[in-house]
Amino acid sequence: MSEEEPRVSRNDSESRYEVHADGKLAGFAEFTQKGTLAVFTHTEIGDEFGGRGLGKVLAKAALDDVVARGDVIVPVCPFIAGYLRKNDGYADHVRWPGEH
C-alpha cells in the first residue's frame, strides 16, 4: 500500500490549516485572522505522523496561501517562526511579533 500525497486545506470554521495524510487529519496550524494579519499561534503534528516532514508541508502550504491572499504572516508559533527563518521568500510578507 502506498501512502497518498499529504494535502493541506484551510478550515476557516476552525481557524486553522490542516494537513491530511493517509486519509486522516495528521496535524494543523492554528491562526487568528486580524484584518490582513494572519497570526499563527500553534502548530501540531500527531505523534503517529511524526518524522515524515508533514510539518514542513503544512507550513509551506499555509504560508503560501496567506501570501496569495495578500495578507501578512505574524509568526507567534515557534514552529512557523523557525520555518520562516530557514526558508527564503517570505520576508516581505512577515511582521515579527513586537514589530510595528
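In the predicted model, helices H1 and H2 pack with their axes 10 Å apart and at an angle of about 80°. Because angles of 65 to 115 degrees count as roughly perpendicular, H1 is described as roughly perpendicular to H2. On the H1 side, the contact is made by Gly55, Lys56, Ala59, Lys60 and Leu63, and H2 contributes Phe79, Ile80, Tyr83 and Leu84. Classified by residue type, the contact of H1 with H2 comprises six nonpolar residues, two charged residues and one polar residue.

Helix H2 spans residues 78–86, and its buried residues are Ile80, Ala81, Gly82, Tyr83 and Leu84. Of these, Ile80, Tyr83 and Leu84 also take part in the contact with H1. The cover over the buried residues of H2 includes helix H1 (54–68) together with two strands, S4 (37–45) and S5 (72–75).

A further buried site involves a charged residue, Glu18, which lies in strand S2 (residues 16–21). The relative accessible area of Glu18 is 9%; Glu18 is therefore classed as buried, the cut-off being under 20%. Two polar contacts of the Glu18 side chain are found, one with the side chain of Arg16 at 2.8 Å and one with the side chain of Asn11 at 3.0 Å. When neighbours within four places in sequence are left aside, the residues in contact with Glu18 are Arg7, Val8, Ser9, Asn11, Leu25, Gly27, Phe28 and Leu58. Asn11 thus appears in this set as well as in a polar contact with the Glu18 side chain. Leu58, also in contact with Glu18, falls within the residue range of helix H1 (54–68).

Key: Residues numbered from 1 in each chain as written. Predicted model: local features only at pLDDT ≥ 70, side-chain atom pairs only at ≥ 80, totals over all residues. Heavy atoms only, no water. Buried < 20%, exposed > 50% of the residue type's maximum accessible area, 1.4 Å probe, protein only. Helix = DSSP H or I, 4+ residues; strand = E, 2+ residues; numbered from the N terminus. Contact = heavy atoms within 4.5 Å. Polar contact = N/O pair within 3.5 Å; in protein donor to acceptor, adjacent residues only side chain to side chain. Axes fitted to C-alpha atoms, helices over the stretch in contact; angles between N-to-C directions. Parallel < 35°, antiparallel > 145°, perpendicular 65-115°, else oblique.
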